[in-house]
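Q: I have a chain on the screen and would like to learn how to read it. Can we take one feature at a time?

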Amino acid sequence: REDLQNAPKVMDRVFKAKVYHERISGFHEVMLGYSDSSKDAGKFASLWELHVAMEKLLAVGKEHGVKLNFFHGRGGSIGRGGGPLHLSLTSQPAGSIDNAYR
């Protein structure tokens with residue numbers, strides 16, 4: 001949970017690094033995982049924390065002119081965070097899959 005909560009601050013610092021910002025050409029991929037967080041906190045709490053983190057990361061990306069592509073480390077089984085793809089897609093924060101979804 002701490003990692004998700006700290007991610008926006010970390011990415012803000014990364015995007016402020018001029019050499020990095022110039023290198024990525026306005027695009028950055030972010031991987032978010034499900035399986036461990038689902039086991040640690042339960043599926044609902046895990047998905048909520050991921051949702052909130054994505055919203056905050058999108059705001060940081062927008063502030064720095066960086067489009068984000070989220071790579072979801074979803075497991076195949078429900079117990080590992082998997083589930084029907086259409087439900088996953090419709091539950092994503094607004095703007096989080098505008099560019100691409102992986």
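Q: Which residues does Glu49 touch, not counting residues up to four places away in sequence?
A: This is a predicted model, so everything said here is about a prediction. To read contacts, set aside the sequence neighbours and see what remains. For Glu49 what remains is Arg1, Leu4 and Gln5. Glu49 itself is found in helix 4, residues 43–63. Glu49 and Leu4 are 45 residues apart in sequence, yet 7.0 Å apart in space, C-alpha to C-alpha.

Q: Is Glu49 buried or exposed?
A: The idea is to compare the relative accessibility with a cut-off: under 20% is buried and over 50% is exposed. Glu49 has 16% relative accessibility, so Glu49 counts as buried.

Q: How do I read the overall order of helices and strands?
A: Count the elements, then follow them along the sequence. The chain has 5 helices and 2 strands. Their order is α-α-β-α-α-β-α.

Q: What share of the residues in the chain is buried?
A: Of the 102 residues, 36% are buried. For the outside, look at the accessible surface, which comes to about 6500 Å². Carbon and sulfur atoms account for 56% of that surface.

Q: How are contacts spread along the sequence?
A: Take the contacts between residues at least 6 apart in sequence, and ask how many of them reach further. In this chain, 69% of those contacts join residues at least 24 apart.

Q: Which residues touch the most other members of the largest nonpolar core?
A: Start with the general idea. In soluble globular proteins, nonpolar side chains tend to be buried together. Here the largest nonpolar core has 16 residues, and those touching the most other members are Phe15, Val30, Leu32, Leu57, Leu68 and Phe70. Helix 1, strand 1, helix 4 and strand 2 (67–73) each supply at least two residues of this core. Helix 4 gives the largest share, 6 residues.

Q: Where does Gly61 lie?
A: Gly61 is found in helix 4. The relative accessible area of Gly61 is 0%, so this residue is buried. Leaving out residues up to four places away in sequence, Gly61 touches Phe15, Val66 and Leu68. Two of the residues named for the core, Phe15 and Leu68, appear in that list. Gly61 and His28 are 33 residues apart in sequence and 8.5 Å apart in space, C-alpha to C-alpha.

Q: With which side chain does the side chain of His28 make a polar contact?
A: For a polar contact, find the two side chains and read the distance. The side chain of His28 pairs with that of Tyr20 at 2.8 Å. His28 lies in strand 1, residues 27–33. His28 has a relative accessible area of 13%, so His28 is buried. Beyond residues up to four places away in sequence, His28 touches Met11, Phe15, Tyr20, Val66, Lys67, Leu68 and Asn69.

Q: How many salt bridges does the structure hold?
A: There are 2 salt bridges. Read each one in steps: the partners, the distance, the place, and then the exposure. In one, the side chains of Asp12 and Lys16 meet at 3.0 Å, N to O. Asp12 and Lys16 both lie in helix 1 (residues 2–16), 4 residues apart, or about one turn of the helix. Asp12 is buried because its relative accessible area is 16%, whereas Lys16, with 56%, is exposed.

Q: Which side chains meet in a salt bridge at 4.0 Å, N to O?
A: Those of Lys18 and Glu22. Lys18 and Glu22 are 4 residues apart in helix 2, so about one helical turn separates them. Both Lys18 and Glu22 are exposed.

Q: What is the value of phi of Ser25?
A: For a backbone angle, check the sign and the residue type. Phi of Ser25 is near 55°, a positive value in a residue other than glycine. Ser25 lies in the loop between helix 2 and strand 1. With 65% relative accessibility, Ser25 counts as exposed.

Q: Which element has the lowest mean pLDDT and which the highest?
A: Confidence is read for the chain, then for each element. The mean pLDDT of the chain is 77, and 60% of its residues reach 70 or more. Helix 5 (residues 85–90) has the lowest mean among the elements, 57, and helix 2 (residues 18–24) the highest, 94.

Notes. Residues are numbered from 1 along each chain as its sequence is written. This is a predicted model: local features need pLDDT of at least 70, side-chain atom pairs count only at pLDDT 80 or more; totals for chains, interfaces and linings use all residues. Side-chain values use heavy atoms; hydrogens and water are left out. Buried means under 20% relative accessible area, exposed over 50%, partly exposed in between (1.4 Å probe, protein chains only). Contact means heavy atoms within 4.5 Å. Accessible areas come from the Shrake-Rupley method with a 1.4 Å probe; for residues, only the protein chains shown count as cover. A polar contact is a pair of N or O atoms within 3.5 Å; within protein, one must be able to donate a hydrogen and the other to accept it, and residues adjacent in sequence count only if both atoms are side-chain atoms. pLDDT is the predictor's confidence in each residue, from 0 to 100. A nonpolar core is a set of buried Ala, Val, Leu, Ile, Met, Phe, Trp, Tyr and Cys residues joined through side-chain atoms within 4.5 Å.
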